[in-house]
Protein chains: 6
Amino acid sequence: MTKTLYVINPNSNTDVTAGIAAALDPLRSADGPRIECVTLAEGPLGIQTQEDVDRASVLVRQFAELHRDDAAGFVTACFSDPGLHSIREIPGVLALGISECGVLTALSMGLRVGVIAILDISIPRHLRTWAAMGVKDRIVGELAIGRTVAELSDRKATLDAMIRTGTTLRDTCHADVLVMGCAGMAPYRQLLQDAVGLPVVEPTQAAVAMALGRLRLGW
Amino acid sequence: MTKTLYVINPNSNTDVTAGIAAALDPLRSADGPRIECVTLAEGPLGIQTQEDVDRASVLVRQFAELHRDDAAGFVTACFSDPGLHSIREIPGVLALGISECGVLTALSMGLRVGVIAILDISIPRHLRTWAAMGVKDRIVGELAIGRTVAELSDRKATLDAMIRTGTTLRDTCHADVLVMGCAGMAPYRQLLQDAVGLPVVEPTQAAVAMALGRLRLGW
Amino acid sequence: MTKTLYVINPNSNTDVTAGIAAALDPLRSADGPRIECVTLAEGPLGIQTQEDVDRASVLVRQFAELHRDDAAGFVTACFSDPGLHSIREIPGVLALGISECGVLTALSMGLRVGVIAILDISIPRHLRTWAAMGVKDRIVGELAIGRTVAELSDRKATLDAMIRTGTTLRDTCHADVLVMGCAGMAPYRQLLQDAVGLPVVEPTQAAVAMALGRLRLGW
Amino acid sequence: MTKTLYVINPNSNTDVTAGIAAALDPLRSADGPRIECVTLAEGPLGIQTQEDVDRASVLVRQFAELHRDDAAGFVTACFSDPGLHSIREIPGVLALGISECGVLTALSMGLRVGVIAILDISIPRHLRTWAAMGVKDRIVGELAIGRTVAELSDRKATLDAMIRTGTTLRDTCHADVLVMGCAGMAPYRQLLQDAVGLPVVEPTQAAVAMALGRLRLGW
Amino acid sequence: MTKTLYVINPNSNTDVTAGIAAALDPLRSADGPRIECVTLAEGPLGIQTQEDVDRASVLVRQFAELHRDDAAGFVTACFSDPGLHSIREIPGVLALGISECGVLTALSMGLRVGVIAILDISIPRHLRTWAAMGVKDRIVGELAIGRTVAELSDRKATLDAMIRTGTTLRDTCHADVLVMGCAGMAPYRQLLQDAVGLPVVEPTQAAVAMALGRLRLGW
Amino acid sequence: MTKTLYVINPNSNTDVTAGIAAALDPLRSADGPRIECVTLAEGPLGIQTQEDVDRASVLVRQFAELHRDDAAGFVTACFSDPGLHSIREIPGVLALGISECGVLTALSMGLRVGVIAILDISIPRHLRTWAAMGVKDRIVGELAIGRTVAELSDRKATLDAMIRTGTTLRDTCHADVLVMGCAGMAPYRQLLQDAVGLPVVEPTQAAVAMALGRLRLGW
């Protein structure tokens, strides 16, 4: 049986899952593992509060246990990486998170990282993560576009807000690379990069790329 | 109706709850709020893994919502502070955690803080917390006694291990204050302090003391 | 003999002492220790320069030695904590400082701490303290209102300046909790909090609350 | 014309190049880019001193300019990443370094990273790099095996020394993941991991895996 | 034979060398060592890119080896300190860099250091240096005047830009001391200091002063 | 009137002053300022506690005010730099401290700094200083020889203890440069360096050397 790399969207928004799946197309290859993007139907429509994160952590863990035998690995596709440290406790499981890998990848693309969040309430949670990761000195700013996950589907307004926020990170915080702080922003990477003129990291792509490398290497 | 300060033991071990309740006796006063230590019966016997923490986070939040109206405030009495950031999202709720307040109190008692954990697997989680709190430069060492929450009830073996570990933190890591890294260690504070000769913080006492101050001040 | 918790205002401004004493009223309780706020008559009218701090340090130490036998503990009620580390060298003495406890308490109330100083010349001294305490990563900004201790008695102008400064800390530095950086600001806590919409720490209250907890616990 | 991902061994030791090339086999795929490991014949036999690094930096830059048109990207396969920041100044060039990517990958595999260097004289240079990268708080120790690049070919003695050093990093520094701090150590990854029982990062594999992801994604 | 303290301008711009030599006049004394400012004719006209730095590093090392016997010591007079760590590997050689000594001297003159760079592309390189030196928390801002080394000879435009940038560092970043981030800025120290009202460090003067002290002390 | 550079020994131990004066001989030059080492007769015999430091701070300030007109500058020759920040508040006064300049000089001599203190009780005070200076990441260890200032006059026992401590800093903490953490250790610099094989900084020499440079430069 071929094993599957599961990319878990822990919110129940299938638009987000579809956007992620499309973004991952360039990473699929004939001799690589199957990549499957799944939606956790029991999850909230968007993971925005700490309560959302805690509930999603339990769901992600349950999914990982259920798929332990057929999984090549798991990627948590929410920028708060719910359940990541929990599924890492399952022996022999490859587990990567998009927040972690998004920022780690950005660290190799520019010195000063700017992060675009969806909502102000997410920012303290993310700041705690950068500090917990020991990389906070590289994050020069994190600013929110002020839109919920659901509202990301209004493409025009979302892109406009992302460009405005990215421009502020570039000009005021001196960022030289941007990380999109929500899996639901995946469709806007190229457009944002073209508009702002800085490299932009789509974190689910970053995490899956790192996962694929690890799977090929067997470590 | 007089409101209650709830001290939540998120594991289902009533011995731990009893130990906490006894430790809090000196903080009860005639004109202060009622302090009630509760056991979450659905919680695990000990909160040791990240999975335990995530599950407990959801339970703590549920408890806080249920008691929102009659609560003066909540203290999470587990050294991983499950659910703390979640219940802080409930408007108007005073919420303090023992890991946070234990370390903050220690910062006013000595320069170099040593932490005594129960198990090695807890340590990386705690280290992430010290970093997320921005206080990691003050923690000179965290070492485990290698005993589960359940095993803490063997008083002789537990105290011996705590003294051994505290002595190493004092002599090798140059700690000048110790924090006991598990609510279940509450009964051993004075004995440990006497044996090692350093001030020792019992974190539930520290958190409840800070909570009582906040309640009196009304902020 | 009942022992007394001495709250030492090391400047000679009795208005400041009166303001502190009033702010501490909610912390007095029938079964708690006596709290006495004292003014050091030999101290300067305001502690503003490093020279002021050094001179006050000696005075605070002298006071503590004089009252060593009848003291339950000492709180240094000046935001530069003059003499704090000196009186900590007296064996068996509980000694807390308002700058230290004000910030430690704020760390449990919001992620990003903003500090309101009286004068620009105090700020480098405070910044050295945050760094020495190992908590500087949590202080997102410290700004001065540009008024001496004596000038704090002009209530209208002082409050206006504090609100202006607090608003800048909130909007420009993204502070989510404020610390008032002078004992003389005590009367303005509630008004400032109401105006700016962030929790505000009055540091003498914070320090005395922590001291009372320690006294009840006997450690 | 298909473009090539050049993996540049900047020393002139072809054994090292052969070891790298073998280690990269699992990363080659039918639909991926050509991966070519090259030896810089003018380079020193081993890059051990800062002088070696500076000279190699110029050579790496010259190679990159020469191959600018046929290169899909460049990986500097020396743990001092000579020339990395220089070739990043060539517009449109993907450039990754093994020291950088080795550590970034390790950050997703364990909290406390231990690094195994070849010689003591390399360590201050590496420590400056971890600090410059802003990740030094995650590196719990770096220790040398005391062998030159040339001496790495004595497999038995090298592996023994690596296991001894890795064991010290695990037991004394509490490392939970190891990074091999020299491209010439590539053949020993699995053996070291099996002996020490911690995950081990081979940094050239890590860097090439990240490069391949970036090439597939086109950013 | 009297030995010489060589101050190496690693770019080929003799105007810069002349400016440095004039700035060092106050440091020459009858009983002190000979101070000679040399221009590396093979160097680029200005050291602006990482490629420039890497090439200059090799030239500086070659110069040091050539003058090893008649040198009392070497100062690298370029704000990227090319070759500094390499010439430090030559046993018994006193080697100081202007970037390093400029900042170290500034740390004794004010708490919050602002740096004036020539070009934006230099800034990430400098920021990596401050972090590698472990002093980044003291640098409150580094801003560029947007002029190449060659363009520094237009005195009026350069001074205007430096004053504008220094004023921003003072008012926006709260710098209380400035470091001029290019040896070519030496002629403007006093003028800049007078205009901005903050102490200004000329880094070649700072480095040579420290070198002279070391030479007199013989360590 | 020629102005004098005052080197203030704030303890009343004239042996210490004599040792400093001898150590400064190589820094005196025909065309340099007069250097005068003074003993503060009212100071304690050794500055060991925080209380000592606070009292000495007031004395140092008084001395500086008295000599304001005839002083070229002041160096505080006690490793706790009493009064340093106070005398910096006197406009137009050059004021340097030996603890500050000793460490800053060491930062240019090795990556990993080890400090040799006299007593354990001094160490937390020094650690707060390294953190306040923002250089704590460069200090790999500070260890005490366990001798009071007065006891330093027993040359054999003192040197033995310094060599033992320096060796531990070299071998256990990986220090590559040492700073002697007391002005009274001045006579032992060369002997310690010869015995341990690491460069050793005598901090009064370091501070006076930096002061002389500043005086020649006029900034």
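Start by selecting Ser80(C): at 17% relative accessibility it counts as buried, where buried means under 20% relative accessible area, exposed over 50% and partly exposed in between (1.4 Å probe, protein chains only). The model is predicted, so local features need pLDDT of at least 70 and side-chain atom pairs count only at pLDDT 80 or more, while totals for chains, interfaces and linings use all residues. Residues are numbered from 1 along each chain as its sequence is written, chains are lettered from A and ligands numbered from 1 in the order in which they are written, and side-chain values use heavy atoms, with hydrogens and water left out.

**Stop 1: around Ser80(C)**

Ser80(C) sits in the loop between β3 (71-76) and α3 (84-87) of chain C. Helices (H or I, at least four residues) and strands (E, at least two) are DSSP runs, numbered from the N terminus. Show the residues in contact with Ser80(C), setting aside its neighbours within four places in sequence: Val53(C), Arg125(C) and His126(C). Contact here means heavy atoms within 4.5 Å. Between the side chains of Ser80(C) and Arg125(C) there is a polar contact of 3.0 Å. A polar contact is a pair of N or O atoms within 3.5 Å; within protein, one must be able to donate a hydrogen and the other to accept it, and residues adjacent in sequence count only if both atoms are side-chain atoms. To place the loop in the chain, draw a C-alpha to C-alpha distance from Ser80(C) to Val16(C): it spans 15 Å in space, with the two positions 64 residues apart in sequence.

**Stop 2: the sheet of chain C**

Stay in chain C and colour the strands in the order β6-β5-β7-β8, which form an open sheet of 4 strands with parallel pairing. β6 (139-144) and β8 (200-201) of chain C stand at the edges with a single partner strand each, so one side of each has no neighbour in the sheet. Two strands pair if DSSP finds at least two bridges between them. Strand β5 (residues 113-117) and strand β7 (residues 177-180) of chain C run parallel and are joined by 4 bridges. Select Ile116(C) and its bridge partner in β7(C), Met180(C).

**Stop 3: strand β5 of chain D**

Move to chain D and select strand β5 (residues 113-117). How many of its 5 residues are buried? The count is 5 of the 5, so β5(D) is largely enclosed by the rest of the structure. On one side are Val113(D), Val115(D) and Ala117(D), on the other Gly114(D) and Ile116(D), and both faces are covered.

Add strand β6 (residues 139-144) of chain D, which pairs with β5(D) in the parallel sense over 5 bridges. Ala117(D) stands opposite Ala144(D) in β6(D). With helix α5 (residues 122-133) of chain D included, β5(D) and β6(D) make a right-handed β-α-β unit. Right-handed means that, with the strands pointing away from the viewer, the path from the first strand over the helix to the second runs clockwise.

Then add strand β7 (residues 177-180) of chain D, which runs parallel to β5(D) and is joined to it by 4 bridges. Leu178(D) in β7(D) is the bridge partner of Gly114(D).

**Stop 4: the nonpolar cores**

Select Met185(A) and Met185(D), which have the most contacts inside the largest nonpolar core, a set of 121 residues. A nonpolar core is a set of buried Ala, Val, Leu, Ile, Met, Phe, Trp, Tyr and Cys residues joined through side-chain atoms within 4.5 Å. Leaving aside neighbours within four places in sequence, the contacts of Met185(A) include Ile116(A), Ile145(A), Leu152(A) and Met162(A). Another core, of 120 residues, lies apart from the largest one; Ile116(E), Leu27(F), Leu119(F) and Ala183(F) are among its members.

**Stop 5: positive phi in chain F**

Select Asp81(F), a residue other than glycine with a positive phi, near 45°. Asp81(F) is in the loop between β3 (71-76) and α3 (84-87) of chain F. Is Asp81(F) buried or exposed? At 11% relative accessibility, Asp81(F) counts as buried.

Go on to His174(F), where phi is near 60°, again a positive value in a residue other than glycine. His174(F) lies in the loop between α6 (155-171) and β7 (177-180) of chain F, and is partly exposed, with a relative accessible area of 38%.

**Stop 6: how the copies are arranged**

Zoom out to whole chains. A rotation of 180° with 0.0 Å of shift along its axis superposes chain E on chain F, with RMSD 0.0 Å. The two copies are thus related as by a two-fold rotation axis. Superposition is by least squares on the C-alpha atoms of residues with pLDDT of at least 70 in both copies. Of the interface residues of chain E, 100% are also interface residues in chain F, so the copies meet through the same surface.

For chain D and chain B, a turn of 120° and a shift of 0.0 Å along the axis lays D on B with an RMSD of 0.0 Å. These two copies are thus related as by a three-fold rotation axis. Finish at Asp137(D), which of the residues of chain D comes closest to the rotation axis, at 5.5 Å (C-alpha).
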